[in-house]
Amino acid sequence: MNRQDETIFALATPAGRAAVQIFRVSGKGAARALRRLAGRLPQPRVMKYSTITDIDGHKIDVGMTAWFPSPASPTGEDYAEFHLHGTPHIGRMLMLALEQLPAFRLADAGEFTRRSFLNGKMTLDQTEALADVIDADTEAQHRQAMARLDAPLSKLTDTWRLQLVALMARLETLIDFADEDIPDDLSQDIHHRLEMLIANIGSVLKDADRGVIIRDGVNIVLIGRPNAGKSTLLNALAGRDDAIVSTEEGTTRDIIKVSLNMGGYAVHLKDTAGLRQTQSLAEKEGIKRTILAAADADIILMLIDAQDIENNGDFGSHWTSICAEAGIDNTASKPAIIPVLTKMDMIAYLSVDKDWLSISAETGLGMDQLRMVIQSAMDQLLGSGEAAMVSRERHRHALMACQNSLMAAKDIDPACEPELIAEDLRHAAQSLGRISGQVDVEDLLDEIFSSFCIGK
């Protein structure tokens with residue numbers, strides 16, 4: 001039997017003791033499960049108080065049942081729910097009873113949502129938005145995921161696909177009447193439409209970085225010399241002792257990452273190995289990883305020990321040498337670099353440049369101001385307006401592939417080689433279709449739905 005023809009079931013609520021646990025059933029046997037285990041089929045979409053038994057008639061529990069006949073159901077198939085008391089033993093008894101019914105099996109991870117997609121109840125990017133809603137840990141992630149549940153990207157890309165189909169229809173005219181003179185205004189119109197599509201896709205892509213960062217989290221990397229106070233600052237910002245703090249230089253050799261919520265944003269705070277010349281192979285590898293982390297950073301906190309400034313007073317040389325050793329272009333707009341003077345409690349007096357924050361993570365001096373500056377940098381990076389249309393690398397790559405195909409088509413003269421333009425437009429339309437799932441995307445489905453829980 002095809003697995004798609006089997007009836008699936010799963011626990012849809014967290015395992016363990018609770019007031020209520022909910023089991024979902026989807027497939028051709030859903031009605032049979034209700035009749036066998038609850039005694040009758042409830043009215044569609046009406047909760048029914050029922051006595052639940054196993055297939056031998058032994059009482060399992062009393063609870064609520066619900067029935068959603070196809071196609072008006074969450075999965076587009078016949079669908080049932082059992083709402084029972086939240087005792088693990090009751091759940092095991094019901095699962096065993098369902099498993100004994102012919103052609104019933106436990107659902108795979110994400111299979112309910114996958115069937116919903118395959119039956120046209122959701123677009124592919126809607127299923128991804130649903131996963132993001134479930135996984136959201138911050139206000140910004142939740143807000144963005146909720147905005148995408150209505151599939152605004154699919155609606156937009158479907159409009160673009162229709163425009164491409166219309167363009168391809170016009171190109172058929174050029175191909176069918178290749179021996180006749182083609183009006184100049186027709187060629188100009190095709191080029192104009194291509195330019196408009198390229199510009200529209202470009203405007204969405206400009207905002208893609210913001211959406212991806214909100215979903216995946218802001219990478220904030222601490223860079224500096226050994227013993228500049230990076231580990232102490234990471235612990236202070238995280239509010240717990242995640243990094244080893246020692247007066248011995250070179251203590252941190254691998255990247256130490258702490259994930260936290262800062263001002264409503266998901267943040268990945270990374271402590272790195274101190275930058276210096278060393279003979280230690282392990283420390284050299286740590287410095288190599290520091291350079292890679294700096295290249296991937298959204299925001300860099302550049303830490304300089306205030307005692308080093310007090311001893312030689314050369315403010316700029318520290319900044320310049322650290323940037324050079326970390327491979328940081330301090331003239332670029334990204335990453336945002338926040339200079340921080342540390343260990344201010346260890347010196348008597350230092351005239352601080354107005355652009356540098358001065359802190360003591362040990363005593364808390366300047367920490368509130370540092371948090372405000374970090375928050376400001378994140379607000380500037382991510383904005384505070386509408387949720388981004390694109391929030392996954394998959395979407396961005398599809399849009400970029402579409403844009404590249406359109407740009408290739410724009411460089412071709414429609415009057416001379418309309419069939420080449422038509423081929424580029426076909427590739428562009430396929431790229432757009434992969435976002436909503438309107439083309440063959442079987443290779444993507446296992447990856448996307450495997451991230452869901454069993455009952456989803």
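**Exercise 1. What is the strand order in the open sheet of six strands, and is the pairing mixed or not?**

Before starting, note that this is a predicted model.

Step 1. Read across the open sheet: the order is β8-β9-β7-β10-β11-β12, and the pairing is mixed.

Step 2. Find the ends. β8 (256–262) and β12 (357–358) are the edge strands, each with pairing on one side only.

Step 3. Work inward from β8. This strand and β9 (residues 265–271) run antiparallel, joined over seven bridges. One bridge to look up is Met-262, whose partner in β9 is Tyr-265.

Step 4. Add the helix. α9 (residues 230–238) packs on the sheet and touches β7 (218–224), β8, β9 and β10 (299–305). The direction of α9 makes about 155° with that of β9.

**Exercise 2. Work out how β10 is paired and how well it is covered.**

Step 1. Take the β7 side. β7 and β10 pair in the parallel sense, over five bridges. Here Ile-220 stands opposite Ile-299 of β10.

Step 2. Take the other pairing. β10 and β11 (residues 336–342) are also parallel, with seven bridges between them. Ile-300 has Ile-337 as its bridge partner in β11.

Step 3. Put the senses together. The β8 and β9 pair is antiparallel, while β10 is parallel to β7 and to β11. That fits the mixed pairing of the sheet.

Step 4. Check burial, using the cut-off of under 20% relative accessible area. In β10, seven of its seven residues pass.

Step 5. Sort the residues by direction. Ile-299, Leu-301, Leu-303 and Asp-305 point one way, Ile-300, Met-302 and Ile-304 point the other way, and all are buried. Asp-305 is one of the buried residues in that first group.

**Exercise 3. Check the span of α2 and locate its buried face.**

Step 1. Count and span: α2 (residues 88–99) has 12 residues and reaches 16 Å from its first C-alpha to its last. That is close to the 16 Å expected at 1.5 Å a residue.

Step 2. List the buried residues of α2: Ile-90, Gly-91, Leu-94, Ala-97 and Leu-98.

Step 3. Ask where they sit around the axis. They cover an arc of only 125°, so they lie on the same side of α2.

**Exercise 4. Track down the backbone oddities.**

Step 1. Set the baseline. Most peptide bonds are trans, and most residues other than glycine have a negative phi.

Step 2. Look at the peptide bond from Ser-70 to Pro-71: it is cis, with omega near 5°. Pro-71 is in the loop between β4 (59–68) and β5 (79–86).

Step 3. Look at Arg-45. Its phi is positive, near 60°, and it isn't a glycine. Arg-45 belongs to the loop between α1 (30–38) and β3 (48–53), and with a relative accessible area of 48% it is partly exposed.

Step 4. Look at Lys-343, another non-glycine with a positive phi, about 60°. This lysine is in the loop between β11 and β12, and Lys-343 is partly exposed at 25% relative accessibility.

**Exercise 5. Zoom out to the whole protein.**

Step 1. Tally the elements: 16 helices and 12 strands.

Step 2. Get the burial: 48% of the 456 residues are buried.

Step 3. Get the surface: about 22,300 Å² is accessible, and 51% of that belongs to carbon and sulfur atoms.

Step 4. Look at the contacts with a separation of 6 or more: 66% of them join residues 24 or more positions apart.

How values were computed:
Residues are numbered from 1 along each chain as its sequence is written. This is a predicted model: local features need pLDDT of at least 70, side-chain atom pairs count only at pLDDT 80 or more; totals for chains, interfaces and linings use all residues. Side-chain values use heavy atoms; hydrogens and water are left out. Two strands pair if DSSP finds at least two bridges between them. Helices (H or I, at least four residues) and strands (E, at least two) are DSSP runs, numbered from the N terminus. Contact means heavy atoms within 4.5 Å. Axes are lines fitted to C-alpha atoms, for helices over the stretch in contact, and angles run from 0 to 180 degrees between N-to-C directions. The expected span of a helix is 1.5 Å times one less than its number of residues. Buried means under 20% relative accessible area, exposed over 50%, partly exposed in between (1.4 Å probe, protein chains only). The arc is that of the directions from the helix axis to the C-beta atoms. Accessible areas come from the Shrake-Rupley method with a 1.4 Å probe; for residues, only the protein chains shown count as cover.
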